[in-house]
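Please load the coordinates into a viewer and keep the selection panel at hand. The tour proceeds by selections, each followed by a description of what is found there.

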Amino acid sequence: SIRRQRQMCIRDSLRFVEEGLLSLDDSISKYLDDMECFGTITIRNLLNHSSRIQDYVSLEGYLEAAYANPLKPWSKEHLLSRIKALPLVDSSDLASH
């Protein structure tokens with residue numbers, strides 16, 4: 001389930017922090033190539049849903065493609081290129097994302 005995946009992601013991220021492999025205040029561009037456009041967004045922002053990055057499910061054509069071929073996921077590169085093209089969510093709208 002999505003909830004379980006989120007819990008595992010948070011658990012693993014905090015384990016990496018404890019092991020000194022990452023910092024919650026690291027920019028995501030440190031770990032994702034060509035993401036300087038999100039230079040101020042941190043791991044902490046991702047984990048507490050305050051990154052202002054739009055949800056990829058809202059990308060035009062994503063749901064149609066996912067339903068048409070649910071066993072063929074989009075590549076990381078394709079998703080990141082599509083996400084980078086979207087404007088960040090206004091910080092006043094964060095409660096709804």
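The stops below run from model confidence to the core, then to a loop and the surface.

**Confidence.** Begin by colouring the chain by pLDDT, since this is a predicted model. The average over the protein is 85, and 95% of the residues reach a score of at least 70. Among the elements, α2 has the highest mean pLDDT, at 92, and α4 the lowest, at 84. As a general caution, predicted coordinates should not be read in detail where pLDDT is low.

**The nonpolar core.** Next, select Leu22, Leu24, Ile28, Met35, Phe38, Ile41, Ile43, Leu59, Tyr62, Leu79, Leu80 and Ile83; these 12 residues constitute the largest nonpolar core. Helix α4, spanning residues 76-84, is the largest contributor to this core, with 3 residues.

Within the core, centre the view on Leu22. Which residues does Leu22 contact, leaving aside neighbours within four places in sequence? They are Ser13, Phe16, Val17, Tyr31 and Ile43. Ile43 is itself a member of the core.

**Thr42.** Move to Thr42, in the loop between α1 (2-18) and α2. Is Thr42 buried or exposed? Its relative accessibility is 13%, so Thr42 counts as buried, the limit being under 20%. Not counting residues up to four places away in sequence, Thr42 touches Leu24, Asp25, Asp26, Ser27 and Ile28. Of these, Leu24 and Ile28 also appear in the core selected above.

**The loop between α2 and α3.** Now select His49 and inspect its backbone torsions. His49 is located in the loop between α2 and α3, and its phi is positive, near 60°. Most residues other than glycine have a negative phi. With 47% relative accessibility, His49 counts as partly exposed.

Continue to Arg52, in the loop between α2 and α3. Arg52 is not a glycine, yet its phi is positive as well, at about 75°. Arg52 counts as partly exposed because its relative accessibility is 31%.

**The surface patch.** Finally, display the molecular surface and select Tyr56, Val57, Leu63 and Tyr67. Together they form a nonpolar patch with about 400 Å² of accessible area. Val57 belongs to the loop between α2 (43-47) and α3 (62-68). Why can Val57 be part of a surface patch? Its relative accessibility is 33%, which makes it partly exposed, and patch membership requires over 30%.

Notes:
Residues are numbered from 1 along each chain as its sequence is written. This is a predicted model: local features need pLDDT of at least 70, side-chain atom pairs count only at pLDDT 80 or more; totals for chains, interfaces and linings use all residues. Side-chain values use heavy atoms; hydrogens and water are left out. Patches are made of residues with over 30% relative accessible area and no salt bridge: like charges are joined within 9 Å, nonpolar side chains (Val, Leu, Ile, Met, Phe, Trp, Tyr) within 5 Å. Accessible areas come from the Shrake-Rupley method with a 1.4 Å probe; for residues, only the protein chains shown count as cover. A salt bridge is a side-chain nitrogen of Lys or Arg within 4 Å of a carboxyl oxygen of Asp or Glu. Helices (H or I, at least four residues) and strands (E, at least two) are DSSP runs, numbered from the N terminus. Buried means under 20% relative accessible area, exposed over 50%, partly exposed in between (1.4 Å probe, protein chains only). A nonpolar core is a set of buried Ala, Val, Leu, Ile, Met, Phe, Trp, Tyr and Cys residues joined through side-chain atoms within 4.5 Å. Contact means heavy atoms within 4.5 Å. pLDDT is the predictor's confidence in each residue, from 0 to 100.
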